[in-house]
Amino acid sequence: MNPPLVITEKQAFQSQLLSWYDLNQRALPWRGERDAYRVWLSEIMLQQTRVAAVIAYYQKFLQRFPTLQALASARLSSVLAAWSGLGYYRRARMLHQAAREIVKQHSGQFPKTAGELADLPGIGRYTAAAVASIAFDEPKAVVDGNVERILNRLSGSLLTTMDSWNFAEALLFHDRPGDFNQAMMELGATVCLPRDPNCLGCPIRAFCNSRSRLKVVRLKPRRRKRTLSYALCRSSKGVLLVRRPGTSTLMPGMWELPELSSKPTLETAAFLFQVRHSITLTDYVVSVFEGNHPGPSGKHFTPAQIARLPLTGLAKKILSRAAVI
DNA sequence: AATGCGGGGAC
DNA sequence: GTCCCAGCATT
């Protein structure tokens, strides 16, 4: 299929983009990284997650699991603990599973093609192309949210998914596929922004058919607001935590504080503090009370034990705020 | 094609 | 308050 927009000056487009990238790329921990394990980890962490949120997790994770072999031989709970707070915990489970598959089925050698990579859990078309192009120079284009927005604006129309991928492949600079892909994403993240793009500072404005005119209509459901209350029960044995059911669709098997079904009166429990937390479509205002309310189930953990536990993001936030961890 | 999956930061 | 982020798996 032909790309929806024929760029006759493809070479000029690639040259402008890459020159801009070489000069203006942000310094990020995974910039210039060619090790497949590290590239892979960064791509998984960056799925639907902003760069700013990933940086610290990426560095800490690599300290904890420096190599593919270290990750593969680790317990899942350790991996989830390192992921705690980053969200989308299925990514951590699949990352761990994929590491074990590579060690077992590929004798520790990282698959080097997008086709093989895509067979691993947690690696779809985007991540397969990203790792293959960045770590192994395979000429495969990526389309993420940034690239899709750029392509829509370049073409001046809302492209179908298939047209976006074809267009991206048609534009790809085969001599530096990894840099080309990262340049497109960097442009989307810093110049071709969703709202108010900086068209005057754009290195490929000469090729753009819409500038900022293309309207994107998207109706997202409104976020709901809810209040929650949790008990912080401390004893000489540590802090009381409960484990979410393994069958739960949301954060299965992870540890959190015991929830209070209703806000206690000040006579029965001392109010400690409030924190805000957002998950999925709900914004929570969470009140934490000093608890002497040991639930029917649960287990006490010392701070040292808690540090190695897969906590929900909210539990981590509360325990951090309470100076337990 | 639509949905569920965390969480937060920029505006 | 709203948007949307270097997506994937499942249906």
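## Helix α13, the DNA-facing surface and enclosed spaces of a predicted model

The buried residues of α13 pack against β1 (224-232), β3 (238-243), β4 (255-256), β6, β7 (282-290) and α12 (303-306). The model described here is predicted. Within α13, the buried positions are G313, L314, A315, I318 and L319. An α-helix has 3.6 residues a turn, so residues three or four places apart point the same way. Just after α13, A323 adopts a positive phi of about 65°.

**Overall architecture**

Chain A contains 13 helices and eight strands. Its C-alpha trace spans about 75 × 50 × 35 Å along the principal axes. Of the 325 residues of chain A, 48% count as buried. Among the contacts in chain A with a separation of 6 or more, 69% are accounted for by residues 24 or more positions apart.

**The surface near DNA strand B**

Helix α13 also takes part in the surface near DNA strand B: α13 (313-321) and β6 (270-279) each supply at least two of its residues. Strand β6 gives the most to this surface, with three residues. There are 19 residues around DNA strand B, and those that come nearest are Y88, Y89, R90, R223 and T249. By class, the surface near DNA strand B comprises six nonpolar, nine polar and four charged residues.

On the nucleic acid side, sugar or phosphate provides 49% of the atoms of DNA strand B within 4 Å of the protein, and bases provide the rest. Three polar contacts to phosphate oxygens of DNA strand B are set out below.

| Residue | Protein atom | Partner in DNA strand B | Distance |
|---|---|---|---|
| T249 | polar side-chain atom | phosphate oxygen | 2.7 Å |
| G313 | backbone N or O atom | phosphate oxygen | 2.8 Å |
| H277 | polar side-chain atom | phosphate oxygen | 3.2 Å |

T249, whose side chain lies 2.7 Å from a phosphate oxygen, is also one of the residues that come nearest to DNA strand B. G313 is reached through a backbone N or O atom, and G313 is also among the buried residues of α13. For H277, a polar side-chain atom is placed 3.2 Å from a phosphate oxygen.

**The largest cavity**

The structure holds one cavity of 30 Å³ or more. The space in the largest cavity amounts to about 100 Å³. Its lining consists of I150, R153, L154, L187, C192, P197, C199, C202, I204, R205, C208 and R211. Helix α9 (residues 145-155) gives the most to this lining, with three residues. Nine residues of the lining of the largest cavity are nonpolar and three are charged, while none is polar.

**The second largest pocket**

The second largest pocket has a volume of about 440 Å³. It is lined by 17 residues, and K60, A81, A82, A307 and K316 lie nearest its centre. Helices α3 (51-64) and α5 (76-83) each supply at least two residues of this lining. The largest share, five residues, comes from α3. By class, the lining of the second largest pocket divides into ten nonpolar, two polar and five charged residues.

**Synopsis**

In this predicted model, α13 has buried residues that pack against several strands and α12, and α13 also supplies at least two residues of the surface near DNA strand B. The largest contribution to that surface comes from β6, one of the elements against which the buried residues of α13 pack.

Technical notes: Residues are numbered from 1 along each chain as its sequence is written. Chains are lettered from A and ligands numbered from 1 in the order in which they are written. This is a predicted model: local features need pLDDT of at least 70, side-chain atom pairs count only at pLDDT 80 or more; totals for chains, interfaces and linings use all residues. Side-chain values use heavy atoms; hydrogens and water are left out. A residue is near a molecule or strand if one of its heavy atoms lies within 4 Å of it. A polar contact is a pair of N or O atoms within 3.5 Å; within protein, one must be able to donate a hydrogen and the other to accept it, and residues adjacent in sequence count only if both atoms are side-chain atoms. Helices (H or I, at least four residues) and strands (E, at least two) are DSSP runs, numbered from the N terminus. Ala, Val, Leu, Ile, Met, Phe, Trp, Tyr, Cys and Pro count as nonpolar, Asp, Glu, Lys and Arg as charged, and the others, Gly among them, as polar. On a 1 Å grid over the protein atoms alone, a cavity is a set of points where a 1.4 Å probe fits but cannot get out, and a pocket is an open set with protein on both sides within 12 Å along at least five of seven lines; lining residues have an atom within 4 Å of a point. Grid points are joined across faces, edges and corners, and a volume is the space filled by probe spheres set on the points. Buried means under 20% relative accessible area, exposed over 50%, partly exposed in between (1.4 Å probe, protein chains only). Contact means heavy atoms within 4.5 Å.
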